[in-house]
Amino acid sequence: MYTTKFSVSAPRNFSFWRTVFSHGWCSLPPFKVDKERHTFERLLELRDGTLVHCVMRETSTGFRVQAQSGKPLGDSQKKEMRDQLRACMRLGDDMAPFYAEARKQKPFRWVPRLGAGRMLRAPTVFEDVVKMICTTNCSWALTEITVENLTTKLGKQFNPAVDGAGGAEYSFPTPTALASATEKFLRKEIRSGYRSPYLLELAENVASGKRNLESWRTSTLPTEELFKEVRSVKGMGDYAAGNIMRLLGRYDYLGLDSWVRAQYYTLHKQGRKVGDKTIERHYAPHGKWKGLFFWLDMTKSWYNHQFPF
DNA sequence: GCGTCCAGGTCTACC
DNA sequence: GGTAGACCTGGACGC
């Protein structure tokens, strides 16, 4: 096993742990938080298929990475590994305009002060979309089971030395790997139920080049058109597409689900139910940032106690 | 241990 | 454009 160590510097307004805990993604493999060691881990798969297990630790200027691989890494592989981690942690996102808006509004002045607002994402849009479909119409516990099954049964195993003796890590399946599964396998082994044909169709379209999800992160399409494209993936309704938009850096949609609706009723209506249009109206003044203001408003309590551990 | 009911978004058919 | 019903699973609950 070969070890590579390097540091990643981040903008001054970056908060390592607030990015990691920005939403549920950090607890879905191949991401992993080790609360005892205070590390954030991720098994990356590089374009050439090389697996690299990265352990990240917060530093005063960003984070430090200790990466393990089966073979020594070349310069281009090291660059790709760094680029993937930067993409996950949203280091390329310019948060200054959003923070300037947040500073103008008293209820949101805590956001720039704490460095909140960067939302963790996967190295690929494909992984984000597959995981998002796995969150639809089910409990979080089932999402965790489904994603765990996807990695252990269709991903690649890292650390062959232990070979099933515990401690092995698995990568997230590539589009080709997922496309090679049958619907029956997905239903029975992955437990993805009626979502199985949606996942298969998506994987087949990406693997064949019919759909290029990765272009969404750099797309110049107007937000409304990009949303329509995201929404055109079978299994992606308003909730799922709205949340994917946030991971693409577009914050015009709220991505409402039952949990955030309940949060809104509690925080703003004394528990009284209201329609989605009322919620939309509440955040409309925030313009193109409304989806991010909304999410931070709903999750503010996460930041109230000592953070992160 | 077994059966029943419910919650959770999206799709499709229908009005 | 709006709505009802089906889709599938895990968990809660009653027996």
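The following paragraphs describe helix H2 and the protein surfaces near DNA strands B and C in a predicted model. Local features are reported only where pLDDT is at least 70 and side-chain atom pairs only at pLDDT 80 or more, whereas totals for chains, interfaces and linings use all residues. Residues are numbered from 1 along each chain as its sequence is written, chains are lettered from A and ligands numbered from 1 in the order in which they are written, and side-chain values use heavy atoms, with hydrogens and water left out.

Helix H2 (residues 75-88) comprises 14 residues and reaches 20 Å from its first C-alpha to its last, close to the 20 Å expected at 1.5 Å a residue, the expected span being 1.5 Å times one less than the number of residues. Helices (H or I, at least four residues) and strands (E, at least two) are DSSP runs, numbered from the N terminus. Gln77, Glu80, Met81, Gln84, Leu85, Ala87 and Cys88 of H2 are buried, that is, under 20% relative accessible area, with exposed meaning over 50% and partly exposed in between (1.4 Å probe, protein chains only). Seen down the axis of H2, these buried residues fall within an arc of 160 degrees, so they line one face of the helix; the arc is taken from the directions from the helix axis to the C-beta atoms. They pack against strands S1 (2-9), S2 (31-34), S3 (39-45), S4 (51-59) and S5 (62-69), contact meaning heavy atoms within 4.5 Å. The exposed residues Asp75, Ser76 and Lys79 are carried on the face turned away from the buried side.

DNA strand B is surrounded by 16 residues, the closest being Asn137, Tyr194, Gly235, Gly237 and Asp257, where a residue is near a strand if one of its heavy atoms lies within 4 Å of it. Sugar and phosphate account for 60% of the atoms of DNA strand B that come within 4 Å of the protein. A backbone N or O atom of Asn137 lies 2.4 Å from a base nitrogen of this strand, while a backbone N or O atom of Tyr239 lies 3.2 Å from a phosphate oxygen of DNA strand B. Helix H11 (residues 238-247) gives the most to this surface, with three residues.

DNA strand C is surrounded by Leu142, Arg187, Arg191, Gly193 and Tyr194. Of its atoms within 4 Å of the protein, 95% belong to sugar or phosphate and the rest to bases. Phosphate oxygens of DNA strand C lie 2.4 Å from a side-chain N or O atom of Arg187 and 3.1 Å from one of Arg191.

Key. Polar contact = N/O pair within 3.5 Å; in protein donor to acceptor, adjacent residues only side chain to side chain.
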